[in-house]
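Here are a few notes from a look through the model. Have it open while you read.

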Amino acid sequence: MSINKKIIAVDIGGSNIRVAITNPDGKIFKKISFENDGNKDISIATEKILYNILNIKEKNNILGIGISSAGPIDPNTGTYNHSPNLSSWHGKSMKKTLEQVTNLPVFFGHDATLAALAEVTHGEFKNSENLIYITISTGIGGGIIANNKMITGKSGSIELGHMIVNPGGEKCNIGCVGCLEGCASGPAIVNITKKLYDNYSDEDALKKMTNLDKKNLTTKIIFDAEKMGSDLSRKIVQDTLKHISTGIINLLNIFDPEVIILGGGVINSLSSYWSELQNMSNKRALPGHRKTPIKITSLEEDVCLLGASVLVTKETT
Ligand SMILES: [Zn+2]
């Protein structure tokens, strides 16, 4: 493999797509970002991605194209399977079009699994053989590297976000009752707060900060109000930490990883409660897992692009 060869990495989310030029060392040279609408046909996004890929291909010697995507997605065919954030893409794939037009190999992966792959290749815990990555933002997903292999399941997409952490609790968009996404994603935190809002005094800091109107609730205001002494926010923060730590404990006990790494917008808001989350998780796990580190990603928003890039290197060398 020529060391001058570059990789095209693509990160597809429900509302944004990013295309980047990378190299096998994990260096990102340039990133382009544009909007995506998963309610519109897949051909619209395919055309925009192709336009950017062809522009890059013209000026660079490209090894291949790696695509990290919100799932569920079959990584072999790139076919979507009832993806909640790409709802119009069900049963469709852009793989053939991309391969035919670019004449380059195209590799797909589930975004959170590729994030875990990026962590073991370029992250703070690189070279770990057992690592779990969890992203908590609008949705919740996760990827598992166990004994140096990506765990993909029979259909290519594992969905850690839908493990049940609070039986009988809130539902996610898909309808599972008490799953992690239904209890701890950004929209879930706002919805749960709305339901409890009227039970608290108008003097509560969160109610004052939202002008007594629950329509003004956002995850940021909820977390900010906790620091201003809001009882309602304190309850929400406690419950959120409990649900996330329950998920973490299940993963620690089942997979015995060297580290669990978390990323995503909600995790950034929770960073000031990190020792509380680590304590809640470790003290309820089995004794052998109590010292396992639980960390915030060092790769930040590039984690999925880097994972897509690593995938191409793995598949072509
Ligand atoms: Zn669910």
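1. Start with helix 5 and helix 8: they lie oblique to each other, because their angle falls outside the classes for roughly parallel (under 35 degrees), roughly antiparallel (over 145) and roughly perpendicular (65 to 115). Their axes cross at roughly 140° and come within 11 Å. Axes here are lines fitted to C-alpha atoms, for helices over the stretch in contact, with angles from 0 to 180 degrees between N-to-C directions. Helices (H or I, at least four residues) and strands (E, at least two) are DSSP runs, numbered from the N terminus.

2. A word on the source: this is a predicted model, where local features need pLDDT of at least 70, side-chain atom pairs count only at pLDDT 80 or more, and totals for chains, interfaces and linings use all residues. Residues are numbered from 1 along each chain as its sequence is written.

3. Which residues of helix 5 meet helix 8? I189, I192, T193, L196 and Y197 do, and on helix 8 they find L232, K235, I236 and T240 (contact: C-beta atoms, placed from the backbone, within 7 Å).

4. Now the sheet: five strands make an open, mixed one, in the order 3-2-1-4-7 (strands pair if DSSP finds at least two bridges between them). Strand 3 (28–35) and strand 7 (106–110) are at the edges with a single partner strand each, so one side of each has no neighbour in the sheet.

5. Strand 2 (residues 16–22) pairs with strand 3 in the antiparallel sense, over seven bridges. Look for I17, opposite F34 in strand 3. Helix 1 (residues 42–59) packs on the sheet, its direction about 15° from that of strand 2.

How values were computed:
Two residues are in contact if their C-beta atoms, placed from the backbone, lie within 7 Å.
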